[in-house]
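Trainee: I should like to learn how to read a protein structure with care. May we examine one together?

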Amino acid sequence: MNFKRVLICLALATAVVLSAILLPKNTTSESYDIVMDTNASVSVKSRRSSEVAGNILISAGKLEKQISKTMSGGDLKTVNAEGSGPMDGAGYGVIIDSLELCRMTGGALDIALGSLTDYWNTLKKNPAEPDDDIIDELKGSKYECVTVKDGIVSLEGGALLDLGAVGKGAACDEAYRILNDAKASRAVVSFGGSILFYGKGSFTVGISSPVKGSSDYIATVKTTQGFVSTSGTYERYFDLNGVRYHHILDPVTGYPVQNGLVSVTVFADSGIESDALSTACFVMGLEKGMNFAVSNGYEAVFVDDNNNIYVTEGLRDSVKVTDSSYSIVK
Ligand code: AMP
Ligand code: MG
């Protein structure tokens with residue numbers, strides 16, 4: 001071996017040793033916050049994991065400001081207040097993708113129900129019987145009233161945007177980009193009912209019990225990297241005179257959906273899809289929602305108020321019922 005070769009070998013060996021010493025090792029970090037009016041939790045295994053976890057929560061906060069109906073200074077708030085306005089970045093992408101999902105679901109998902117959701121939120125704060133006439137008037141605004149062109153979002157006929165059905169999933173999509181950039185090895189990120197499972201190997205997701213105040217699961221589903229969202233009657237609601245008024249609205253009637261379902265969980269390749277489609281499949285109901293999921297290639301779990309669990313074919317071997325009062329209907 002000549003002198004030059006020895007030098008090169010030495011330099012390479014030094015580089016390997018130095019990088020092993022200097023490059024941060026994989027660590028695991030967990031962070032929690034309240035984002036989009038719900039619990040956010042991030043668990044990341046990667047180099048500089050606490051920085052990555054922090055960035056995920058920061059990006060969710062930024063997205064929230066863009067797409068929130070109520071946050072002052074936010075893009076969506078301005079669009080709603082003025083009937084038109086600019087949006088950019090992730091927020092603009094959320095509107096474009098959501099409109100596509102509204103069309104795909106035949107309006108079961110409708111992001112222009114803002115006046116109606118405002119009305120139901122007022123009733124929730126001060127529980128009172130809903131007024132049919134008001135609901136009749138408010139339900140008229142549909143996603144077709146929304147136009148998007150050159151970064152400008154415009155609303156016709158007094159429509160108001162509400163991205164509550166897609167925002168948490170969209171935050172999971174932002175988290176995915178951050179984890180990819182950081183070359184993270186594994187992560188679980190959740191914003192309320194929307195979860196991102198990131199990394200190799202398998203993960204287990206719990207299907208929540210619809211029982212008031214319970215944090216138990218009625219079943220678990222083994223899954224791999226991807227996005228999972230659940231929409232349920234038990235998440236936000238008020239009870240009045242024996243009726244439960246929950247937060248998932250049927251755009252046709254303007255009332256909370258009453259179709260015997262208590263939750264729908266959808267598995268998808270993006271967060272915005274899983275979030276939008278769990279809401280939409282809930283609105284469609286068991287038969288139509290299940291057909292929609294199957295014919296569009298999504299896996300899903302539907303739970304009804306008779307403790308029946310219905311799962312798409314692809315999940316049959318991955319679901320385990322953990323609460324004996326529930327059973328899978330074949
Ligand atoms: P999720 O929890 O994802 O099912 O979203 C429910 C939230 O989306 C509600 O709190 C409303 O703000 C809004 N929402 C309710 N019904 C609909 C609907 N049919 N389409 C779109 N957004 C809806
Ligand atoms: Mg949703």
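The questions and answers that follow concern this predicted model.

Trainee: How many helices and strands does the protein have?

Mentor: The protein is a chain of 330 residues, of which buried residues make up 48%. Its C-alpha atoms fill a box of roughly 90 × 50 × 35 Å along the principal axes. The count of elements in this protein is 9 helices and 17 strands.

Trainee: Which strands are the edge strands of the open sheet of 9 strands?

Mentor: Strands of a sheet pair through backbone hydrogen bonds, either parallel or antiparallel. In this model, the open sheet has mixed pairing and the order β1-β2-β6-β7-β10-β13-β14-β15-β17. An edge strand pairs on one side only, and the strands for which this holds are β1 and β17.

Trainee: How many bridges join strand β1 to strand β2?

Mentor: Strand β1 covers residues 26–35 and strand β2 covers residues 38–47, and the two run antiparallel. Within this pairing, Glu30 has Ser43 as its bridge partner, while Asp33 stands opposite Ala40. The number of bridges that join β1 to β2 is 10.

Trainee: Which residue in the turn between β1 and β2 has a positive phi?

Mentor: The two strands form a hairpin, with 2 residues between them. One residue in that turn has a positive phi of about 55°, and this residue is Met36.

Trainee: Is strand β14 mostly covered or mostly open, and how many of its residues are buried?

Mentor: A residue counts as buried when its relative accessible area is under 20%. Strand β14 spans residues 299–304, and by that cut-off it is mostly covered. Of its 6 residues, the number buried is 5.

Trainee: Which residue of β14 is the bridge partner of Val264?

Mentor: Strand β13, residues 261–268, pairs with β14 in the antiparallel sense over 6 bridges. For Val264, the bridge partner in β14 is Phe302.

Trainee: Which residue in β15 stands opposite Val303, and which residue in the turn between β14 and β15 has a positive phi?

Mentor: Strand β15, residues 308–311, runs antiparallel to β14, and 3 bridges join them. In this pairing, Val303 stands opposite Ile309. The two strands form a hairpin with 3 residues between them, and the turn residue with a positive phi, about 65°, is Asn307.

Trainee: Where does Lys183 lie, and is Lys183 buried or exposed?

Mentor: Lys183 has a phi near 50°, a positive value in a residue other than glycine. Its place is in the loop between α7 and β6. The cut-off for exposed is over 50%. Because its relative accessibility is 70%, Lys183 counts as exposed.

Trainee: What is the phi of Asn241?

Mentor: Asn241 lies in the loop between β11 and β12. At 62% relative accessibility, Asn241 counts as exposed. Its phi is positive, in a residue other than glycine, and is near 45°.

Trainee: How far apart along the chain are Arg236 and Asp37, which form a salt bridge?

Mentor: The closest N and O atoms of Arg236 and Asp37 are 3.2 Å apart, within the 4 Å allowed for a salt bridge. Arg236 is in the loop between β10 and β11, whereas Asp37 is in the loop between β1 and β2. The pair thus links distant parts of the chain, and its separation is 199 residues.

Trainee: Which residue meets Lys69 in a salt bridge of 3.6 Å?

Mentor: Lys69 is in the loop between α2 and α3, and its partner is in the loop between β5 and α7, 93 residues apart. The partner counts as buried because its relative accessibility is 17%. That residue is Asp162.

Trainee: What is the N to O distance in the salt bridge of Arg177 and Glu174?

Mentor: Both residues lie in helix α7, 3 residues apart, about one turn of the helix. Arg177 counts as partly exposed at 47% relative accessibility, whereas Glu174 counts as buried at 18%. Their side chains meet at an N to O distance of 2.7 Å.

Trainee: Which residue of helix α6 belongs to the patch of negative charge with Asp131, Asp132 and Asp133?

Mentor: The patch gathers on the surface. One member is found in helix α6, residues 132–138, and is exposed, with a relative accessible area of 67%. This member is Glu137.

Methods:
Residues are numbered from 1 along each chain as its sequence is written. Chains are lettered from A and ligands numbered from 1 in the order in which they are written. This is a predicted model: local features need pLDDT of at least 70, side-chain atom pairs count only at pLDDT 80 or more; totals for chains, interfaces and linings use all residues. Side-chain values use heavy atoms; hydrogens and water are left out. Buried means under 20% relative accessible area, exposed over 50%, partly exposed in between (1.4 Å probe, protein chains only). Helices (H or I, at least four residues) and strands (E, at least two) are DSSP runs, numbered from the N terminus. Two strands pair if DSSP finds at least two bridges between them. Patches are made of residues with over 30% relative accessible area and no salt bridge: like charges are joined within 9 Å, nonpolar side chains (Val, Leu, Ile, Met, Phe, Trp, Tyr) within 5 Å. Accessible areas come from the Shrake-Rupley method with a 1.4 Å probe; for residues, only the protein chains shown count as cover. Lys and Arg count as positive and Asp and Glu as negative; His and the chain ends are not counted. The place of a charge is taken as NZ of Lys, CZ of Arg, CG of Asp or CD of Glu.
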